[in-house]
Amino acid sequence: MDNNCIFCKIIKKELESKIIYEDQNVISFLDINPHTIAHTVVIPKKHYSTILDLSNDDILQLFSGLQKVVDLIKKTINPDGFNIGINHGRVAGQVIDHLHIHVLPRFFNDGGGSIHSIIFNKPKESLDEIYEKIKKYGNRS
Ligand code: AMP
Ligand code: ZN
């Protein structure tokens, strides 16, 4: 828990929120500034900043909670699809340093874009160069 964190305050019920799902490890509530109907955030109850801080168990629990929330919204709001994503780091738009997964219900002709519409910073390097840089530290070399 981080005493200065808004989301930790929501977990502790010190701050009011519209909680739609809660279990031992995960909590999910409606975003206070929705970009679409039932825009929701799903968060681990442990205060982590990024996915790099989570254990395998934490990830399993978080994704399991996420699936339940998506199922719940599908059944109640019935969107045509979802964008599901994380603003990971300041540069990517992360304002609250408690890891959270945005769930954005989508409807045909709602005017939104895909995840590809976030960034158009085409790389100067070739795909081969980038691949070489990364793969030697991966598990396929
Ligand atoms: P991010 O830019 O990914 O850090 O997004 C943080 C999200 O948290 C934003 O979409 C905010 O609207 C949302 N938010 C901030 N404070 C609250 C709150 N008290 N209850 C619900 N959602 C919140
Ligand atoms: Zn927190």
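In helix 2, K75 and D71 are four residues apart, which means that about one helical turn separates them. In this predicted model, the two side chains form a salt bridge, and their closest N and O atoms are 2.8 Å apart. Side chains of opposite charge can pair when their charged atoms come close. The two partners differ in how they are classed: K75 is exposed, with a relative accessible area of 63%, while D71 is partly exposed at 37%. The cut-off that matters here is 50%, since exposed means over that value.

Following helix 2 (56–77) onward, you come to the loop that leads to strand 4, and N78 is found there. Take a look at its backbone: N78 has a positive phi of about 55°, although it is not a glycine. A second residue of this kind is K13, whose phi is positive at about 65° and which is not a glycine either. K13 lies in the loop between helix 1 and strand 1 (19–22), and with 48% relative accessibility it counts as partly exposed.

K13 also takes us back to charged side chains, as it is linked with E22 and K45 in a network of salt bridges. How many salt bridges does the structure hold? There are nine. One of them joins E14 to K12, with the closest N and O atoms 3.9 Å apart. Here E14 is exposed, at a relative accessible area of 52%, and K12 is partly exposed, at 31%. Another joins D110 to R106, where the closest N and O atoms are 2.7 Å apart. Is R106 buried or exposed? R106 is buried, with a relative accessible area of 18%, which puts it below the 20% limit for that class. Its partner D110 is partly exposed, at 35%.

Now let's step back to the overall layout. The protein has three helices and five strands, and from the N terminus on these elements run α-β-β-β-α-β-β-α. Along its principal axes, the C-alpha trace spans about 50 × 40 × 25 Å. Of the 141 residues, 29% count as buried.

Strand 3 is a good place to see what burial looks like in this fold. All five of its residues, 40–44, are buried, so the strand is largely enclosed by the rest of the structure. Which residues cover which side? T40, V42 and P44 are buried on one face, and V41 and I43 are buried on the other, so that both faces are covered.

The neighbours of strand 3 are worth tracing too. Strand 2 (residues 26–30) runs antiparallel to strand 3, and five bridges join the two. Strand 5 (residues 101–106) is also antiparallel to strand 3, with three bridges between them. To see both pairings at a single residue, pick V41: F29 stands opposite V41, and in strand 5 the bridge partner of V41 is H102.

H102 leads on to the largest pocket. This pocket has a volume of about 1,000 Å³, and 38 residues line it. Those nearest its centre are D31, H39, N87, H102 and L104. Which elements give two or more residues to the lining? They are helix 1 (6–11), strand 2, strand 4 and strand 5. Strand 5 gives the largest share, four residues. So H102 appears twice in this tour, as the partner of V41 and as one of the residues nearest the centre of the pocket.

Our last stop is on the surface. I51, L52 and I86 make a nonpolar patch of about 290 Å². Of these, I86 is found in the loop between strand 4 (81–85) and strand 5. Its relative accessibility is 34%, so I86 counts as partly exposed.

Note on methods. Residues are numbered from 1 along each chain as its sequence is written. Chains are lettered from A and ligands numbered from 1 in the order in which they are written. This is a predicted model: local features need pLDDT of at least 70, side-chain atom pairs count only at pLDDT 80 or more; totals for chains, interfaces and linings use all residues. Side-chain values use heavy atoms; hydrogens and water are left out. Buried means under 20% relative accessible area, exposed over 50%, partly exposed in between (1.4 Å probe, protein chains only). Two strands pair if DSSP finds at least two bridges between them. Patches are made of residues with over 30% relative accessible area and no salt bridge: like charges are joined within 9 Å, nonpolar side chains (Val, Leu, Ile, Met, Phe, Trp, Tyr) within 5 Å. Accessible areas come from the Shrake-Rupley method with a 1.4 Å probe; for residues, only the protein chains shown count as cover. A salt bridge is a side-chain nitrogen of Lys or Arg within 4 Å of a carboxyl oxygen of Asp or Glu. On a 1 Å grid over the protein atoms alone, a cavity is a set of points where a 1.4 Å probe fits but cannot get out, and a pocket is an open set with protein on both sides within 12 Å along at least five of seven lines; lining residues have an atom within 4 Å of a point. Grid points are joined across faces, edges and corners, and a volume is the space filled by probe spheres set on the points.
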